[in-house]
Amino acid sequence: METLTLLQDYFPMAVFTGKCLVFISEDWRVELTEHKDSDFTRAEGTPSVIRLKIFKRTLEGDLIPGHYEDFQIASLGMLAEQIEKYVQLAIGANLRESI
């Protein structure tokens, strides 16, 4: 969860639920969750996996799962940049204006 709490500084429009970082709007819901590698044979310092899920809201108000991607980038700044870029390309709009 430490990476998610650090990502809050990069995405002030997101809400940390204790389990995930959530961006929400009338049309979209974006979730970021952190997954630690359970392979203890790997070297320490390996960045955790940040799973990004994008949901589209239907006219009835239901959320339909759409894109998802796993990110494993050690640099926090590069991670935030790539997440923002991915979301923008997936929803076809600027993240800071749409969500």
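These are my notebook entries on the sheet, the second helix and the salt bridges of this structure, which is a predicted model.

**Entry 1, the sheet.** I began with the strands and found that five of them form an open sheet in the order 1-2-3-4-5, with antiparallel pairing. I noted strand 1 (15–16) and strand 5 as the edge strands, since each pairs on one side only. I then looked up how strand 1 joins strand 2 (residues 21–24), and the two pair in the antiparallel sense over two bridges. Within this pairing I located Val-15, which stands opposite Val-22 in strand 2.

**Entry 2, the helix on the sheet.** Next I asked which strands helix 2 touches. Helix 2 (residues 76–91) packs on the sheet and touches strand 3 (28–35), strand 4 and strand 5, and its direction makes about 25° with that of strand 4. I checked the length of helix 2 as well: at 1.5 Å a residue its 16 residues should span 22 Å, and the end C-alpha atoms are 23 Å apart, which agrees.

I then listed the buried residues of helix 2, which are Leu-79, Ala-80, Ile-83, Glu-84, Val-87 and Ile-91. These residues cover an arc of only 130° around the axis, so they are on the same side of helix 2. I set beside this the general rule that an α-helix has 3.6 residues a turn, so residues three or four places apart point the same way. Just after helix 2, I came upon Gly-92, which takes a positive phi of about 75°.

**Entry 3, the salt bridges.** How many salt bridges does a search of the whole structure find? The search finds three, and I went through them in turn.

- Arg-29 forms a salt bridge with Glu-31, with the closest N and O atoms 2.7 Å apart, and I noted that Glu-31 counts as buried at 15% relative accessibility.
- Lys-36 and Glu-34 meet through their side chains in a salt bridge of 3.8 Å, N to O; here Lys-36 is exposed, with a relative accessible area of 55%, whereas Glu-34 counts as buried at 9% relative accessibility.
- Asp-70 forms a salt bridge with Arg-51, and the closest N and O atoms are 2.6 Å apart.

I stayed with the pair of Asp-70 and Arg-51 to see where each residue lies. Asp-70 lies in strand 5 (residues 63–71) and Arg-51 in strand 4 (residues 49–57), so the pair ties together parts that are 19 residues apart in sequence. Asp-70 counts as partly exposed at 35% relative accessibility, and Arg-51 also counts as partly exposed, at 27%.

Terms used: Residues are numbered from 1 along each chain as its sequence is written. This is a predicted model: local features need pLDDT of at least 70, side-chain atom pairs count only at pLDDT 80 or more; totals for chains, interfaces and linings use all residues. Side-chain values use heavy atoms; hydrogens and water are left out. A salt bridge is a side-chain nitrogen of Lys or Arg within 4 Å of a carboxyl oxygen of Asp or Glu. Buried means under 20% relative accessible area, exposed over 50%, partly exposed in between (1.4 Å probe, protein chains only). Helices (H or I, at least four residues) and strands (E, at least two) are DSSP runs, numbered from the N terminus. Two strands pair if DSSP finds at least two bridges between them. Contact means heavy atoms within 4.5 Å. Axes are lines fitted to C-alpha atoms, for helices over the stretch in contact, and angles run from 0 to 180 degrees between N-to-C directions. The expected span of a helix is 1.5 Å times one less than its number of residues. The arc is that of the directions from the helix axis to the C-beta atoms.
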